[in-house]
Amino acid sequence: IETALAEGPLTGRRILVTSGPTHEPIDPVRYIANRSSGAQGTAIARALTAMGADVVFVTGPADVARPEGAHVVEVETAAQMLDAVQAVLPVDAAVFAAAVADWRVASASDSKIKKQKGAIPAMEFAENPDILATVSQMASGRPPLVVGFAAETDDVIDNATAKRLRKGCDWIVANDVSPETGIMGGSENAVTLVSDDGAEHWPRMGKDEVAHQLAERIAAALG
Ligand code: CTP
Ligand code: CA
């Protein structure tokens, strides 16, 4: 178990980490979700805390234990996550590890939708705000270092490189989440760090080790 250092390379730095899935309600008893466990984001928050950072951890509903020593903000939906993130700024660095739902149900029902013979409910979707792009493109108060993630199943590097430019973040931590890799929900990760300098492939390692390496890079970048 890592504990916060009184003095570390990130002492005095305030860092935001988003993590976990979001849940988008259909009605009071049903929701749309995704397979994110929150493990990688939690490990990053732990690693940053262990290096002395003052970490604010904004998380969707995840089953993993919350990072000790971090300030934890629990949210459910993408809209709530954006509000929480905006309330946390300014920060020295922001790491967006959350698997934010891309769409929400346009008009969630306030009461339970009842099953009726022969009547299958039609559902309309609305696009959720892109939290990473919103923060990356802030005209003032943009964090000096913004790190996004890109979980892809195809053309990982090309997609991640395009994503970095489209959203305007500094780094993208890209990974292949094809079912055969076993990464989604597993304890290991194989990532590529995409930055202005190009794509750097890291060997497959534990999520804790990925977190530790990323925290070191963040400390080096913040100087
Ligand atoms: N992200 C976000 N808000 C969203 C969607 C994504 O902040 N509404 C962030 C994620 O936390 C991640 C990065 O953007 O850091 C990339 O997420 P991803 O789902 O890979 O990108 P999308 O732009 O949603 O593209 P797609 O799902 O089509 O691949
Ligand atoms: Ca997405």
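The following questions and answers concern the ligand site, the pockets and two backbone features of a predicted model.

User: Which residues are the closest to ligand 1?
Analyst: In this predicted model, the shell around ligand 1 is made up of 15 residues. A residue belongs to that shell when one of its heavy atoms lies within 4 Å of the ligand. By class, the shell has 9 nonpolar, 1 polar and 5 charged residues, and the closest to ligand 1 are Phe96, Ala98, Pro129, Lys163 and Lys167.

User: Which residue has a backbone N or O atom 3.0 Å from a nitrogen atom of ligand 1?
Analyst: Two backbone contacts go to oxygen atoms of the ligand, one from a polar backbone atom of phenylalanine 96 at 2.6 Å and one from a backbone N or O atom of alanine 98 at 2.7 Å. The contact with a nitrogen atom of ligand 1, at 3.0 Å, is made by a backbone N or O atom of isoleucine 131.

User: How much of the accessible area of ligand 1 does the protein cover?
Analyst: Besides the backbone contacts of phenylalanine 96, alanine 98 and isoleucine 131, the cover that the protein provides can be expressed as a share of area. On its own, ligand 1 has 570 Å² of accessible area, and the part of this that the protein covers is 77%.

User: Which element gives the most residues to the shell around ligand 1?
Analyst: The space that ligand 1 takes is the largest pocket. Two or more residues of the shell come from each of helix H3 (131-136), strand S9 (145-152) and helix H4 (156-167). With 4 residues, the element that gives the most to this shell is S9.

User: What is the volume of the largest pocket, the space taken by ligand 1?
Analyst: This pocket is lined by 41 residues, with Ala98, Ala99, Val100, Asp102 and Ala151 lying nearest its centre. Helix H1 (39-50), H3, S9 and H4 are the elements that give two or more residues to the lining, which divides by class into 20 nonpolar, 13 polar and 8 charged residues. The volume of the largest pocket is about 1100 Å³.

User: How many charged residues are in the lining of the second largest pocket?
Analyst: The second largest pocket has a volume of about 160 Å³, and among the residues that line it are Arg164, Asp170, Asp196, Asp197, Glu200 and Arg217. Strand S12 (191-195), strand S13 (198-201) and helix H5 (207-222) each give two or more residues to its lining. Beside 3 nonpolar and 2 polar residues, the lining has a number of charged residues equal to 6.

User: Is the peptide bond from leucine 89 to proline 90 cis or trans?
Analyst: Proline 90 is located in the loop between helix H2 (78-88) and strand S6 (93-96). The omega angle of the bond that joins leucine 89 to proline 90 is near 5°, and the bond is cis.

User: What is the phi of aspartate 155, in the loop between S9 and H4?
Analyst: Aspartate 155 sits in the loop that lies between S9 and H4, two elements that also give residues to the shell around ligand 1. Although aspartate 155 is not a glycine, its phi is positive, at about 45°.

Definitions and conventions
Residues numbered from 1 in each chain as written. Chains lettered and ligands numbered in written order. Predicted model: local features only at pLDDT ≥ 70, side-chain atom pairs only at ≥ 80, totals over all residues. Heavy atoms only, no water. Polar contact = N/O pair within 3.5 Å; in protein donor to acceptor, adjacent residues only side chain to side chain. Areas by Shrake-Rupley, 256 points an atom, 1.4 Å probe, with all protein chains shown as cover. 1 Å grid on protein atoms, 1.4 Å probe; cavity = no way out; pocket = protein on both sides within 12 Å on 5 of 7 lines; lining within 4 Å. Sits in = over half its atoms within 2 Å of the grid points. Nonpolar A, V, L, I, M, F, W, Y, C, P; charged D, E, K, R; others polar. Points joined across faces, edges and corners; volume = space filled by probe spheres on them.
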